[in-house]
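Trainee: Could you take me through one part of this model up close? I'd like to see how a single strand sits among its neighbours, and then how that spot fits into the rest.

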Amino acid sequence: MIRALSVGLGISAETLIGEPETKGRTDQEIDWSRFPAKEMVARGWIQKATGQAKRTIEQQVQDFVAQIGWQLGDAAFKRSISGEAFSPTTKYALYAWLSRVIQKARERKPNIGKYAESALSTQTLRELAQLSWFEEGPKLAVEYLEKMGVCVVLEPHLKGTMLDGAALKDIDGTRVIGLTIRHDRLDNFWFTLLHEVVHIWKHVGEDDTFMDDLDSSASTDKREAEANRLAREALIPRVVWKRSDAHLSPSKEAIDTLSRELRINPAIIAGRIRREKGNYRLFTELLGHGEVSRVLSYLSHEGQA
């Protein structure tokens, strides 16, 4: 029947059968030349090639990605990728970044506790938020999550990608959060971390990977909306926010007062004000520029070649 229709209508059998284009792709359909090989060499992920360089470099890229053991496909290793960071122009750089994050997560696995489905909750999110009160808060948060069985990896974003964080499950079930710290501000760190924790808690299945650009407000994905809502609520409960002077008449004094009331870092409150007002010149001195990379420098240096 398919053959007859194909001949009669002049439509290819493949089109009539309707095989999905993004499923079941083979390695040959991956354009290995589009991976950011130069940047991968610069970071020490692969070696600089000599002689027949092009083939050697592309083979190294294939070997690098193959290490994680995920099947490749147009939907990023035959997985569903969600989040505003993903686009046709960035996918190969994101594949490379994701591969590196998985590799680093596996190196950290001996330090990670056993994950329990009941481990994460709104209370967990609130406890994480209050760790921001401490000077070493980002480090305490990473340690807190890793005891719960969630591995946290730092890897700077690759050029051209607008990536803040990612959440996924490795093939052995390990929950992984990847952070780029591309803004290196405390307000951005805490919101990104809690956003990714919600994905781990609520949304990540066997074949789901979330890659987030949290500067974007264009997402229509209900899971992204839920992650944003629960992260915001954990950091500054809506009822408290609406009645606070920090919201009604923002000032350094009002920020300090609310910070002490909620026992959270003032940067989080300053960041909320800036985003809601759309004025990113406000309270820049309160954002903790450079503090995240300073506190988490031990993670940044892990796995370097």
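Mentor: Sure, let's start with strand E3 and work outwards from there.

Keep in mind that this is a predicted model. The mean pLDDT is 86, and 84% of the residues reach 70 or more. Two stretches deserve caution. Over residues 19-28 the pLDDT stays under 50, and the model has 11 contacts there beyond four places in sequence. Residues 73-77 are also below 50, with 22 contacts beyond near neighbours in sequence.

Now E3 itself, which spans residues 165-169 and has 5 of its 5 residues buried. Cover comes on both faces: Gly165, Ala167 and Lys169 are buried on one side, and Ala166 and Leu168 are buried on the other. Yes, that list includes a lysine, Lys169.

E3 has strand partners too. With strand E4 (residues 175-179) it pairs in the antiparallel sense, over 5 bridges. Lys169 stands opposite Arg175 in that pairing. The hairpin of E3 and E4 has 5 residues between the strands, and Gly173 takes a positive phi there, near 95 degrees. Then there's strand E5 (residues 208-212), which runs antiparallel to E3 and is joined to it by 4 bridges. On that side, Leu168 has Thr209 as its bridge partner.

From E4 you can step straight into the packing around the helices. Leu179, which belongs to the stretch 175-179 that makes up E4, is touched by Leu193, and Leu193 also touches Ala141 and Leu145. Leu193 is among the residues with the most contacts inside the largest nonpolar core, a set of 52 residues; the others on that list are Trp190, Leu194, Ile236, Ile269 and Leu296. Helix H8 gives the most to this core, with 8 residues. A second, separate core has 33 residues, including Met40, Cys151, Val153 and Leu163.

Those two contacts of Leu193, Ala141 and Leu145, lead to helix H7 (residues 137-147), where both are buried along with Gly137, Pro138, Val142 and Glu146. What covers the buried residues of H7 includes helices H5 (91-108), H6 (122-131), H8 (186-203), H14 (291-295) and H15 (297-300), plus strand E2 (150-154). After H7 comes Gly149, another place to check the backbone, with a positive phi near 95 degrees.

One more stop, in a loop this time: Asn265 lies between helix H12 (252-262) and helix H13 (266-277). Asn265 counts as buried because its relative accessibility is 16%, and the cut-off for buried is under 20%. A polar atom of its side chain lies 2.9 Å from the backbone nitrogen of Ala267. Leaving out residues up to four places away in sequence, Asn265 touches Ser132, Trp133, Leu186 and Ser259.

Zooming out, the protein has 15 helices and 5 strands, and 50% of its 305 residues count as buried. Among contacts between residues at least 6 apart in sequence, 72% join residues at least 24 apart. As for the surface, about 15300 Å² is exposed, and carbon and sulfur atoms supply 50% of that.

Notes: Residues numbered from 1 in each chain as written. Predicted model: local features only at pLDDT ≥ 70, side-chain atom pairs only at ≥ 80, totals over all residues. Heavy atoms only, no water. Buried < 20%, exposed > 50% of the residue type's maximum accessible area, 1.4 Å probe, protein only. Polar contact = N/O pair within 3.5 Å; in protein donor to acceptor, adjacent residues only side chain to side chain. Contact = heavy atoms within 4.5 Å. Pairing = 2+ DSSP bridges. Areas by Shrake-Rupley, 256 points an atom, 1.4 Å probe, with all protein chains shown as cover. Core = buried A, V, L, I, M, F, W, Y, C linked by side-chain atoms within 4.5 Å. pLDDT = per-residue confidence, 0-100.
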